[in-house]
Structure formats: structure tokens, C-alpha cells
Amino acid sequence: METQLDPMKDDLPLMANTSYMLVKHYILDLDVDFKSKVIEGIIVLFFETGSQYRKTSSTGKEGCQSQFDETCKMSASELCHIPVTNVSACSSKTEYNDFAVCGKGEEDTPDKKGNHSNQEQASGISSSKDFCDIENHGNKDFLLVLDCCDLSVLKVEEVDVAAVSGIEKFTRSAKLPHVSKELENLRNRIVHELVTLPADRWKEQLYYFTRCSQAPGCGELLFTTGTWSLEIRKSGIQTPADFPHAIRIWYKTKPEGRSVTWTTDQSGRPCVYTMGSPINNRALFPCQEPPVALSTWQASVRTAAGFVVLMSGENSAEPVQLREGILSWYYYVTMPMPASTFTIAVGCWQEVKQQSFTAAIQTNIEFSVPSSQADFRWHEEICGHVEYPCRFQNPAARLQAVIPYRVFAPCCLMERCEEHLLQLIPQCLSAAYITLGTHPFSRLDVLIVPSNFSSLGMASPHIIFLSQSVLPGGSHLCGTRLCHEIAHAWFGLAIGARDWTEEWLSEGFATFLEDIFWARAQQVSKRADSEEELQVLRPKKESTGEFSESGASIVKHGLKAEKIFMQVHYLKGYFLLRSLARTIGEASYLASLRKFVHKFHGQLVLSQDFLSMLLEDIPEQKESGLTVESIFQNWLDTSGIPKVTKWMQTNQRVRKSGKKKRKQDEAVFQKLLPDQLVLLLESLLEEKTLCPRILQCLEKTYQLREQDAEVRHRWCELVVKHKYVPGYGDVEKFLREDQAMGVYLYGELMVNEDVKQQELAHKCFSAAREHMDASSAKVVAEMLF
């Protein structure tokens, strides 16, 4: 029996026993109530027995065969049609009728199908004291463990999928058995047949998932909730094979739940959105959080009219009115992804419409694709992932340089979005396509989230969250951040880390690719640093990717509040990839990246998977001593950045001479690009003293208050360092409106031990604390008190 984890530790527990049972599909049916700040409803989970039980079981039951590791051929070119007859008889829920008739419109087309993925990721530890030993089953009931936190679970029951009309097609037995035990086996057989349908029957599969989710219950299940888990058992059931493979859970979220943020948008309207960290979605719905638990989902979300529901879904949902004042929104995905990538945002967002002239220009943009890439993209090859409707095997999708996209924002930010963001999206999408080929996802929504969002951006399947901080000051910061998040479609989502602690595989690649993408549309640069224990890119070293027998695990440093503000996985990963590109040659390196994407999309990987393939492609590098082991030793398993740090310091020193004279050349310096301004201000931060006159001239010359957030952050640092009182208003404004970037300014205000600056820090924190992201608030509180 393993020791229970201390919930106050920095490590984040992943409790789900995925080795015994794997969720293959979720159906959520939820109501969003802004008055009580609660999301309430039902979730139905469909399971397959996992790999660990398959290996240890001696029963040989066919129902225990896991499909998880199977490599399947793709045949997504033919779509099934779901007959619309008797639909109303099988469902009283209006929100599903749309899908039952194959969803009119764009989601019906062959090139709008599938995707996958993963965002930040990890692996295992810890079981309950009641967990059964599957080698010696017979003495205890089998215990299903789900990841769950900050949820009120009301009821759990088995679903009688055998009661669904027409479901007999999913079992070899034409007659319903009369014996109770045989009926239980029949239900599990039906679920097994349903979750393993071939990819070209995905519409039929979703239709019957919906029908099954609305089937009657056939017995309540026993359950207990802990700090990090929901444990479910059925009396007398001792093996995963016999445990119900379709269960329904009634539950409510809690207003303080850490997976969702209830707040107001920039126009003062209520909204709620999911957080990417630190505990992913376990406070939104009971789930399996480990990356290996790849699943598909459907979700119906009801809320008051006037609110818009955006979600990770392949379809661009249109609301259905259920009754006066209540709308329902329905989304689905057919590409298996970790539950952590499920994203939802509900608010009074407005769609930023393209002007007809702009739209005409964008639809006529032509982009040249290198012939070598085009040849590679058309190279017919069987995908290596589990079967799903894959865009990499879809000829129309392979030619789609710009996928359909929409932009949503509060009404007060519509004009800014129209001015910069709308024009940037097709350029950045096209640059990504030129670089990496087929877009893994069929569409994209971009949402400007509230000011308390704790980072500049977050990518999820089909949707990107952007901070309002990227909008002011021209297109530079907005474009680079957009490129970064678009890059996550390939690295972090279509290709996920098998171990969440190796998130450099997501962030390092995205930071590297934002350079490549933006350079093809404009130009860009990047930098940062962090504390030593968090600078290791493989914190679990040789045990990376390992998990306990049950499938449980931990995310190293997963609950450490400071971790989300560290840039090491972004920047150190970036410098490693930049170093490899310089050593190997950029053309060869990008060709290897395209090959890697094609080979591993839809799968979970470790660092060695990428590095081994790269060096195998370019064997001559081995002669120079470049090996996977040397890269581990110099980059992934140690802190710091080899050699690059000295280069950065030298580069900064070159710009240090004669700074105070630059005020005379206003006409020249007013033309500096944002990245050049950042470098200039960072150089000035090296100066021990700058007089108020210089600072005043600096702000006036470059109009620093009107620049993007990266520039304004450096300006605020200068204000704080040199106690420039006329600039304190700029600092206060930044801490209020740019919370995604302002955390460390609080520390700088406190470090100087200046009474006015400390009063400013406390004043700003007092005003923002109630609506601030929880991790940000915790870090700031530690600085101030």
C-alpha cells in the first residue's frame, strides 16, 4: 500500500488508476449559474479496461483487451450518415437533435474532422487504502479512482446501455440474456464495441454515445471523495473487466474550485473560464488527468441568453433556445486528447467581425510552400496513433493554409482586436502551415480573456486565450504571442509529453517556432531566466514517464505557485532548439521537425523520442560528439544555459555605451521597433543611476506609455529602480491592467524598502486581490507580507 500524498506539498498528485481502466469518452451535460457561481450537471464516462489489467489477468476474457496501444489504419474519407428517423423518440434533450441529423453546415464536411491533444503533462503515484490488489483479487471490491478536487459529488450510478433501442448491433448476441451477470457482461460488451468503432463511423459513434448517455440507470454505485480523488466501487465486483464500463455522475463545482475562474470581463459583465494550471480540470469534472488517458468528448452547456459558450470542440457551435431566456451550446471532439486540454469560457463575449474589404484580401492571400515540404506532406504513410478521423490523412485538410477562425472579446476591446488581431491571424496561420504543414485542428477561436488571466496566452484544441496585454502598442507583441500559441497546435497538443514534467517539449518548441513563424510574417526576439531547481527540463530524469502499478503519479513541482511565472521551459528549451538548429543547419532542422510532426502527431512522447530521431536523421553529428546523452547532460538534466548566457551578456554590453546621449537623436530612436526598445530599456536597467530628466526625456521620446506590454514592463522597472515618482501612475496602471505580466513588479516595489513604493504595492494588491488569479495572489502575498 502506497503512502497518501500530502496535499500541501509542491508535487501535484495524479490519482486515477489508468492502468486498470481508461476513460475513452466523456459526455457532459451542464448548467452554468452566475448567481451562485456554480456549474452543475451530469457527466457520463465510457471505459475500457487498461493495459495493466490485461497483462495481469488470467481470465482471458475478450472484454479485457485494451485498444490503447493498437496502431490502426486510417480510413476517414467516407463519412457515415446517421438516420434521423426516431431521433425525437430516443431523446428529449433538444441540444442533441442537431447532431442526430449530422449537424448541418460546416462540421459535416470531410476536412473539418479531427484533432488531438495535450498541454502541460505528467505521470504517477498513490493509491487508496481500500484499493484492491488485482493479482490477488477475490477478497476486496475493485476500486475505480478518478482525479477530482473541489467538487460536490451527489450521486453515481451504472448506466443501462443495453436498454437503448437499436443497440443490439453492437453485440454479437442478438437476444438479451435473462441472467443478471450475463446482462452486466452484455453492457460492457456494448461499450467495448462502441468505443472501438472505426474512424469512418465517428458520426454514428457520437450519436450512440449520446443515446447511451440518456439511458436509464441500473443501480447506484458506492463512492467516497478525498482531497484529490473520487473513489467508486460496486459491491461484489472484484475486477476491472466486470466493473461497469458506463457510469453517470451527478455533481456540482464549488465557487472556490481551482479549475475555473469566476470574474468579470473588461466591460464589467460576469464570466467564467477554465485555468490551465495548476490542477487542470479536476475541479471542473471528475476525470482521469494522466496524459495516457486519451479520450474524446461531447458537451452540452446551458446558460442564460446573452452569454456565449466557447469550448474545445471541432464544430463552431450555434446556440439552441430550450426555453425563454435559456440557450444550449453543443460541442464535440473526435480526436482522443488528455482531459487536461478540455477548455471552456462563458461570458458576454462579442464576435469581432471582419470588414468585407479585409476579408476579401485575406481570402486571396497566396503562400508559397517549399517543394520539399509539399512532397513530404503528400507522402502516403500510415499514422502511428490510435484510430481517429485524422486531418493528416485528409487531402483537403493538407492543402488548407488558413483554417476557419473567429475572434471574441468584450465589447470595449472590439476596436483594438479589429485593428491588429484580425489581420494577424491569417498571416500567422499561414506561416505555421508553411513551416510545419497540415494544421492538426480544423478551426480556431481566439478569445481575449479578463485582465486577471495569469499569462499572456494559453492554447487548447480549437481555442486560444490571449491576454489583453498583447493588444496595445502595435502588432509586435500580439503577433509573437499568437505565433507561440498557434505553434502549440503541433507541439503540446497534436504531440504531447508523455510525462507532464517534460513540458519543455511543448513550451521550448513553441518558443523556438514563434521565431520562425513571426520571421515569415514580420520579425521577432525573445529572452528570460529562473531559479535553479526549476531550470531542470527533465526533473524526474531517468524515471521520467514512469508511474505506479495503478497508473497514478505526481507532477514534479506541479503545485509550486512560482512555477507558472518561471520561463525556463520556454527559454531554456528555446535556446536548446536554437543551438541544435545552428549546429545542424536550419533547413535540415526544419525538415526533421516536419518529419517528427508527421510521425508522432496524435501521440505522447518523451525527450529522447525527438532527440533520437533528430540525430538518426543526421548521423554525421555523432562524430562531433553530439549525442542524446550529451544533450541530456548539458541541457535537460542540469540548471542554467550553457554558453548562451555569456553570449546574451556580451550582446547587452555592446549596447551600453553612450546611452545618455541618445536623447539627442529623437527622430532616429522614435523609429525603433518594440524588440529594439526592449533591448534599449534593458540596457538602461544596467545603469546604476539615471536622473529624472533622462527618464522624462526617455518616456517622451519613445511615447513609452503607448507601447506594448513588454516595453511598458521595462519602463515600470526603470521607474521603480530609480524611484521616479511621476511614473508611479504608470506602475499602478500596469499592475491593474496587465496582471499577466506584473507579478514581479510587486517584488521590486518591496525590495527597495522605500515607503512610498511599498504603499503603492499594498494599494495595488488590495484593489486587485479579490479578482486576481489564485497562484498570482499567493506569490504576491508572500512578497508583501
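In this predicted model, Arg714 and Glu710 are joined by a salt bridge whose closest N and O atoms lie 2.7 Å apart. Both residues belong to helix H20, which spans residues 709–721, and they are separated by four residues, about one turn of the helix. Arg714 counts as buried because its relative accessibility, 11%, is under the 20% limit. Glu710, at 19% relative accessibility, also falls under that limit and therefore counts as buried.

Other salt bridges connect distant parts of the chain. Asp141 pairs with Arg233, and the closest N and O atoms are 2.9 Å apart. Asp141 is located in the loop between helix H3 (94–100) and strand E4 (144–147), whereas Arg233 is part of strand E8 (residues 229–233), so this bridge ties together parts that are 92 residues apart in sequence. Asp141 is buried, with a relative accessibility of 18%, while Arg233 is partly exposed at 34%.

A further pair is formed by Asp609 and Arg498, whose side chains meet in a salt bridge with an N to O distance of 3.6 Å. Here, too, distant parts of the chain are linked: Asp609 sits in helix H14 (residues 607–617), and Arg498 lies in the loop between strand E22 (495–497) and helix H11 (504–521), 111 residues away. Asp609 is partly exposed, with a relative accessible area of 22%, and Arg498 is likewise partly exposed, at 32%.

Salt bridges can also be joined into a network, as is the case for Glu158, Asp160, Arg187 and Lys234. Over the structure, the count of salt bridges comes to 25.

From charged pairs the description turns to the nonpolar interior. The largest nonpolar core contains 178 residues, and among these Ile249 and Tyr589 touch the most other members. Helix H9 (residues 414–436) supplies the largest share of this core, namely 11 residues. A second core, separate from the largest one, has 26 residues, including Ala162, Tyr208, Phe209 and Ala215.

The surroundings of Ile249 can be followed residue by residue. Apart from its neighbours within four places in sequence, Ile249 is in contact with Gly41, Ile42, Ile43 and Leu45, with Leu146, Val153, Lys155 and Val156, and with Leu230, Ile232 and Pro286.

Helix packing can be examined in the pair H21 (residues 728–737) and H23 (residues 755–768), whose axes are 10 Å apart and meet at an angle of about 25°. Because angles under 35 degrees count as roughly parallel, H21 is roughly parallel to H23. The crossing of these two helices is right-handed. On the H21 side, the contact is made by Tyr728, Val731, Glu732 and Leu735. H23 contributes Lys756, Gln757, Leu760, Lys763 and Cys764 to that contact.

These local features belong to a protein chain with 24 helices and 24 strands. Of its 785 residues, 62% count as buried. Among contacts in the protein chain with a separation of 6 or more, 77% are between residues 24 or more positions apart. The bridges Asp141–Arg233 and Asp609–Arg498 illustrate links of this kind, the former joining parts 92 residues apart and the latter parts 111 residues apart.

How values were computed. Residues are numbered from 1 along each chain as its sequence is written. This is a predicted model: local features need pLDDT of at least 70, side-chain atom pairs count only at pLDDT 80 or more; totals for chains, interfaces and linings use all residues. Side-chain values use heavy atoms; hydrogens and water are left out. A nonpolar core is a set of buried Ala, Val, Leu, Ile, Met, Phe, Trp, Tyr and Cys residues joined through side-chain atoms within 4.5 Å. Buried means under 20% relative accessible area, exposed over 50%, partly exposed in between (1.4 Å probe, protein chains only). Contact means heavy atoms within 4.5 Å. A salt bridge is a side-chain nitrogen of Lys or Arg within 4 Å of a carboxyl oxygen of Asp or Glu. Axes are lines fitted to C-alpha atoms, for helices over the stretch in contact, and angles run from 0 to 180 degrees between N-to-C directions. Angles under 35 degrees count as roughly parallel, over 145 as roughly antiparallel, 65 to 115 as roughly perpendicular and the rest as oblique. A crossing is left-handed if the near helix is turned anticlockwise from the far one by less than a right angle, and right-handed if clockwise.
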